[in-house]
Amino acid sequence: MPSTQQITLFHTPQTRSSGALALLEELHAPYKLHPLNMKAGEHRQSPYLAINPMGKVPAILHGDALITEQVAIGIYLGDLFPEAGMTPMVGDALRGPYLRWYVFYAACFEPALVDKAMKREPGPVAMCPYGDYNSTVNTLVAQLSKGPWLLGEKFTCADVLWGSALTWMTGFGLIEAVAPIKAYVDRWNTRPSVKAVADIDAGLKKSLESAGAG
């Protein structure tokens, strides 16, 4: 499927789908937004549940390809736009670490952070998919200490996911902004895509609120 074909992003402003929007901006991909008003419950109504039965954003539609889940969307889009230079391709020594850190986010890091935030007991280390919270966070901090980006000097699509997520998590106090995390978040937030998404989201949020009030 040609990468020139427009991508539809199902998006609610100032949610985790803002990270997918940032990635589209970073890749200079052709896209259009399909806004969802979560306050009106549009993400839980039949039309969107046909897109994603989980009722969550983001989701993207590219031709006949429908993709949900942040990590799957990131890997798909990165591979779709190799000319952007943000994706180590198969055969590149960084491809394995790139995939590892994408999957580590969904399989280990976010579950560990949510368990801690919800004050839930994760269960025995041997049964817990992320092992234990401290090991999970320490593994990330050790990697970020090598900086400036997750894979060293090379900025990749995975940094869009991690930069967006860590900005949100440190902002809400879900994880301590120790020096390597703070430096990484600060670097991420200097990128033009961050301001672009903030501007898009601010305008879209206002539009959705006005529509809801009407």
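**Reading the sheet and helix α4**

Me: How does α3 lie relative to β1, β3 and β4?
Reply: In this predicted model, α3 lies across β1, β3 (59-62) and β4, and runs at about 135° to β4.

Me: What is the strand order of the open sheet, and which strands are its edges?
Reply: The sheet has four strands in the order β2-β1-β3-β4, with mixed pairing. An edge strand pairs on one side only, and here that describes β2 and β4 (65-68). Ignoring direction, neighbouring strands are turned by 20° against each other on average. Helix α1 also packs on this sheet, where it touches β1 and β2, and its direction makes about 155° with that of β1.

Me: In what sense do β1 and β2 pair, parallel or antiparallel?
Reply: Strand β1 (residues 7-11) and strand β2 (residues 31-35) are parallel, with five bridges. Within this pairing, Leu 9 has Leu 33 of β2 as its bridge partner. Between the two strands the chain passes through helix α1 (residues 17-27), a β-α-β crossover that is right-handed.

Me: What span does helix α4 reach, and where is its kink centred?
Reply: One can set the span against the value expected at 1.5 Å a residue. Helix α4 (residues 95-117) has 23 residues and reaches 32 Å from first C-alpha to last, close to the expected 33 Å. Even so, α4 has a kink of about 45°, centred on Phe 104. Phe 104 is also one of the buried residues of α4, which include Trp 101, Tyr 105 and Leu 113.

Me: Which helices do the buried residues of α4 pack against?
Reply: They pack against α1, α3 (70-80), α5 (133-144) and α6 (157-171). After α4 comes Lys 119, with a positive phi near 55°.

Note on methods: Residues are numbered from 1 along each chain as its sequence is written. This is a predicted model: local features need pLDDT of at least 70, side-chain atom pairs count only at pLDDT 80 or more; totals for chains, interfaces and linings use all residues. Side-chain values use heavy atoms; hydrogens and water are left out. Two strands pair if DSSP finds at least two bridges between them. A crossover is right-handed if, with the strands pointing away from the viewer, the path from the first strand over the helix to the second runs clockwise. The expected span of a helix is 1.5 Å times one less than its number of residues. The bend at a residue is the angle between axes fitted to the seven residues ending there and the seven starting there. Buried means under 20% relative accessible area, exposed over 50%, partly exposed in between (1.4 Å probe, protein chains only). Contact means heavy atoms within 4.5 Å. Axes are lines fitted to C-alpha atoms, for helices over the stretch in contact, and angles run from 0 to 180 degrees between N-to-C directions.
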